[in-house]
Structure formats: C-alpha cells, structure tokens
Amino acid sequence: MSKRKSLIKIKPKKYKDGEVVKVSFMVMHPMETGMRKDKKTKELIPAKYINSVKFNYNGKVITTMNVWESLSTNPVFTTYMKINGAGKLSVTYSDNTGEVNEKSTKIKPKG
Amino acid sequence: MLFQQNKDKQMQRREFFKQLGAVATIAAISPTISFAEEAKKQKGLNNLSYKAAVDAITGGKGAVESSKVSLKVPEIAENGAVVPVTVEVESPMTEGDYVKAIHILAAKNGNPRCIDVHLTPANGKAMFATRIKLGESQDVVTVVALSDGTFLTASQNVKVTIGGCG
C-alpha cells in the first residue's frame, strides 16, 4: 500500500453548525486507461484507475462514487455537505489494482 | 423418357445442394462477423456502448431533457486531458425529494461512463464537479436520477483541439 498525496479542502474555511459547505477532494493518481503505449518499449501501459470513492462523515456514508478510467489524471471530486456537529470527515478510495487509501480531516464548526 | 426424368431429378438435387451450400456458408460467416464486432467493442475494460450505458442507468426508461439540470463544460477545450465539468441540479435535498445520483458520460470515449455519484440528503445541495478526459470532439452528457424515480438529462457539445488519450 503506497502512500498517495491527497487533500481535502472545505470552503468557506470558517463555518457554522448547519451550514452547507463545499468539499473538494484531490488525489495524485495516474488514472492510466490501459490503452496508452509506452513510447520507448511500444508496450501497453497496464490500466490503473480509481474505481470507488466514499465520503464518510461521523460514521455515516454521505456520498459514494463509482469511477471509470475517463477521469483526468490527479482527479478532483467536489460536492456539498451539510455540517451537522463536530467530528471527522474521511474519504476512502480504492483503485482497480486493489490499492485502498484513506484521508481524513477534522470538522470544527464555530458558533 | 425415363432417363430424362432421372436426369431432371438429379439436376434438381444438384441445385438444391448448391443452394444449401450457399445458405450454410452465409450462416457460418455471419456469426463470426458479429462476434468480431462485439470483440472490438469489448476490447477495452468493462466497456459499454453509449446507448447501452444510458439504458443501464435508466433501466430502458429514457431520460427527459430539463432546464433544472445545468451542465457547465467549456465549449472549446484546448487540452482533452483535463476538461472541467460541473453539474448542478435544482432540488430542495430533503428526505422526501432529493437527487439520488448524478452520472457523467462522454458519448464517444472508449468507455463512455466517467463517473456515477450517489448523493444523500446529507449533502444539502445537489452539485458535483470534476475533471474528465475527452479523446475527441463530442457530446458530454449528464443523467440525473431523482428520488421519485424519474431521470433528467442535459448535454453539451465540446470541441477538443488536442485529444486526451495516447
């Protein structure tokens, strides 16, 4: 299991309880389609793409995604989320080669 | 006279066999042609044709074009490898009435399905944005599934100057 660079951004930075905020999740991933050829060896590069992403907020799955290879390299997933108390937002993602990773941030509403 | 009849019969039999042969060869060739086409389609991983993908999402019901769905894609994409797509749906997002899923499809890509997003009322707002790859100039389509079982759709043509595959 390799460690991938990923990032969860919440906009606006300061938010209150009950507010609807924008959440974007970015991950550094090659998203190889399996159709591309290596220019030197003329061999097909094997497919490697994210096939599932799950947003989990305080133990409740709020968004699930089925993903195919047509997404760009280093994909971004942006949705909205309703703040419902302090806690943890974790994003679990897996790819077609069986690699599973998780990224999480703390949710701290003010006021 | 009798000889003549025999000869006639023989001729009929020959004709019959000729026809039979012709039919047999056609029957033998045609499935191989269709198999070859199917093999071509299934060359990529888990590829469905665009129509089959839409049918798989809507269950053959078909989707209705609606102004409630707004799809934001650049009309001209300089680089097909990174095309930003934003889908927004007007919906109250309550327990009774919310957007179940947003599907994004690229009609002419090898695998037309890009992403399925399953939303819940906890999202608060029905919006999804991502970046996709486009191999050539084509339509980008979104199919939105509502909680009452209806499907809405919106599409836009995108011109790609540099393809994003290969």
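Strands S5 (99–106) and S6 (residues 113–118) of chain B pair in the antiparallel sense over five bridges, and six residues lie between them in the hairpin that they form. Strands here are DSSP runs of E of at least two residues, helices are runs of H or I of at least four residues, and both are numbered from the N terminus. Two strands pair if DSSP finds at least two bridges between them. This is a predicted model, in which local features need pLDDT of at least 70, side-chain atom pairs count only at pLDDT 80 or more, and totals for chains, interfaces and linings use all residues. Residues are numbered from 1 along each chain as its sequence is written, and chains are lettered from A and ligands numbered from 1 in the order in which they are written.

Within the hairpin, His103(B) stands opposite Asp116(B) of S6(B). S5(B) also pairs with strand S8 (138–146) of chain B, in the antiparallel sense and over seven bridges. There, Ala101(B) has Ala145(B) as its bridge partner. Because six of its eight residues are buried, S5(B) is largely enclosed by the rest of the structure. A residue is buried if 20 or more other C-beta atoms lie within 10 Å of its own, exposed if 12 or fewer do, and partly exposed in between, with C-beta atoms placed from the backbone.

Helix H2 (residues 50–58) of chain B has the buried residues Ala53(B), Val54(B) and Ile57(B). These are on the same side of H2(B) because they cover an arc of only 95° around the axis, the arc being that of the directions from the helix axis to the C-beta atoms. They pack against S5, S6 and S8 of chain B. The face turned away from the buried side carries the exposed residues Lys51(B) and Ala56(B). Just after H2(B), Gly59(B) takes a positive phi of about 70°.

The two chains compare as follows.

| Chain | Residues | Buried | Contacts 24 or more positions apart, among those with a separation of 6 or more |
|---|---|---|---|
| Chain A | 111 residues | 28% | 54% |
| Chain B | 166 residues | 31% | 67% |

A contact means that the C-beta atoms of two residues, placed from the backbone, lie within 7 Å. Chain B has two helices and nine strands, and along the sequence the two helices come before the strands. Chain A has zero helices and seven strands, and its C-alpha trace spans about 60 × 25 × 20 Å along its principal axes.

The chains also touch each other. Chain A gives 27 residues to the contact and chain B gives 29 residues. On the side of chain A, strand S4 (60–67) and strand S5 (76–82) each give two or more residues. That side has 14 nonpolar, nine polar and four charged residues; Ala, Val, Leu, Ile, Met, Phe, Trp, Tyr, Cys and Pro count as nonpolar, Asp, Glu, Lys and Arg as charged, and the others, Gly among them, as polar. S4(A) pairs with S6(B) in the antiparallel sense over four bridges, and Thr64(A) stands opposite His118(B).

Thr130(B) lies in strand S7 (residues 127–132) of chain B. Thr130(B) is buried, because 23 other C-beta atoms lie within 10 Å. Not counting residues up to four places away in sequence, Thr130(B) touches Leu71(A), Pro75(A), Val76(A), Phe77(A), Thr78(A), Val85(B) and Ile115(B). The C-alpha atoms of Thr130(B) and Asp116(B) are separated by 11 Å, with the two residues 14 residues apart along the chain.
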